[in-house]
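Colleague: I would like a close look at a single part of this model, with enough of its surroundings to place it. Please take one stretch of the chain and follow it through.

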Amino acid sequence: LEELRQQGYKAFYLAIGAQGGRAIGIEGEDSDGVMSGIDFLKSINQDNTQKYEGKVVVIGGGNVAIDVSRTAVRAGAESVVQFCLESRAEMPAAVEEIEEAEEEEIKINCGWGPKRVIAENGKVKAIEFKKCISVFDAEHRFNPQYDEETLMVVEADYVLLSVGQSILWDELIKDTKVEIRRNGTVEADGFTFQTAQEDIFAGGDVYT
């Protein structure tokens with residue numbers, strides 16, 4: 001940004017989105033064949049001739065997860081199954097998105113959370129799920145509870161994690177007064193969207 005200031009620019013509006021995936025912290029997550037849904041979509045967008053043949057398991061219940069599932073179908077998957085913690089009514093994905101995915105024979109399994117990835121020689125072979133009995137607490141805060149005795153193992157050649165996104169700031173705001181919240185979003189005025197650095201403003205996912 002300092003380089004741009006020297007070129008005469010007077011203000012900057014940061015709206016770079018949330019371009020990174022998010023890990024879920026389970027055993028085997030680093031196995032070959034496990035990747036974030038965001039990275040999967042990025043790879044397909046950069047080269048739509050890529051093929052992901054075999055059994056694909058998508059984890060997540062939002063619109064991005066639905067997009068990942070539908071893209072996997074187009075990338076040549078033998079089968080695509082999607083798992084999410086939420087019930088059908090609680091899923092954050094739009095109803096029409098869910099219906100369109102099911103029309104493409106994507107099976108959506110509600111009420112299951114990933115327990116561990118099962119790998120063989122470093123390559124994903126299956127993923128084990130545990131039954132989710134509730135997603136939110138009494139104050140409607142995200143606090144999933146599980147029945148650890150009710151498990152299910154699903155064969156997989158690819159596991160695509162679509163459970164949220166992260167903001168990749170890199171060095172964009174290095175040496176500025178811009179304040180970052182604990183969740184990686186930027187602190188800004190709710191009316192002007194001005195940050196603590198007077199010539200830097202922010203909006204979109206990096207703010208909300």
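What follows is the request in full and one connected answer.

Colleague: Please look closely at strand E4. Is E4 mostly covered or not, and how many of its residues are buried? Which strands does E4 pair with, and in which sense? I would also like to know which salt bridges involve the elements around this strand.

Modeller: A note on the source first: this is a predicted model, and side-chain atom pairs are counted only where pLDDT is 80 or more.

To place the strand, start with the chain as a whole. Four helices and ten strands make up the chain, and from the N terminus on they follow the order α-β-β-α-β-α-β-α-β-β-β-β-β-β. There are 208 residues, and 42% of them count as buried. The C-alpha atoms fill a box of roughly 55 × 45 × 35 Å along the principal axes. The accessible surface is about 11900 Å², with 46% of it belonging to carbon and sulfur atoms. Of the contacts between residues at least 6 apart in sequence, 60% join residues at least 24 apart.

Strand E4 covers residues 79-84 and is mostly covered, with five of its six residues buried. One of its partners is strand E3, residues 55-59, which runs parallel to E4 and is joined to it by five bridges. In this pairing Ile59 stands opposite Phe83 of E4. Between the two strands the chain passes through helix H3, residues 63-74, and the resulting β-α-β crossover is right-handed.

Another partner of E4 is strand E5, residues 107-110; this pairing is also parallel, and it is made over four bridges. Here Gln82 stands opposite Ile108 of E5. The connection from E4 to E5 goes by way of helix H4, residues 95-103, and this β-α-β unit is right-handed. E4 therefore takes part in two right-handed β-α-β connections, one with E3 through H3 and one with E5 through H4, where right-handed means that the path from the first strand over the helix to the second runs clockwise when the strands point away from the viewer.

Now to the salt bridges around this part. The structure holds 14 salt bridges. One of them joins the side chains of Lys55 and Glu78, at 3.4 Å from N to O. Lys55 belongs to strand E3 and Glu78 to the loop between H3 and E4, and the two are 23 residues apart. Lys55 counts as partly exposed, at 27% relative accessibility. Glu78 has a relative accessible area of 57% and is exposed, because exposed means over 50%.

A second pair in this region is Glu104 with Arg74, whose side chains meet at 2.8 Å from N to O. Glu104 lies in the loop between H4 and E5, while Arg74 lies in helix H3, so the salt bridge ties together parts that are 30 residues apart in sequence. Glu104 is partly exposed at 22% relative accessibility, whereas Arg74, at 52%, counts as exposed. Both residues also belong to a network of salt bridges that links Arg70, Arg74, Glu100 and Glu104. By residue number, Arg70 and Arg74 fall within H3, and Glu100 falls within H4.

For contrast, consider a salt bridge elsewhere in the chain. The side chains of Arg5 and Asp199 meet at 2.5 Å from N to O. Arg5 sits in helix H1, residues 2-6, and Asp199 in the loop between strand E9 (158-161) and strand E10 (200-202), which puts the pair 194 residues apart. Arg5 is partly exposed with a relative accessible area of 22%, while Asp199 counts as buried at 12%.

The chain also has an open sheet of three strands, ordered E6-E7-E8, and its pairing is antiparallel. Its edge strands are E6 (112-120) and E8 (142-155), each of which pairs on one side only. On average, neighbouring strands of this sheet are turned by 25° against each other, direction ignored. Strand E7, residues 123-136, pairs with E8 over nine bridges, and Ala126 stands opposite Glu155 of E8.

To return to the request: E4 is mostly covered, and its pairings with E3 and with E5 are parallel.

Key: Residues numbered from 1 in each chain as written. Predicted model: local features only at pLDDT ≥ 70, side-chain atom pairs only at ≥ 80, totals over all residues. Heavy atoms only, no water. Pairing = 2+ DSSP bridges. Axes fitted to C-alpha atoms, helices over the stretch in contact; angles between N-to-C directions. Buried < 20%, exposed > 50% of the residue type's maximum accessible area, 1.4 Å probe, protein only. Contact = heavy atoms within 4.5 Å. Areas by Shrake-Rupley, 256 points an atom, 1.4 Å probe, with all protein chains shown as cover. Salt bridge = Lys/Arg side-chain N within 4 Å of Asp/Glu carboxyl O.
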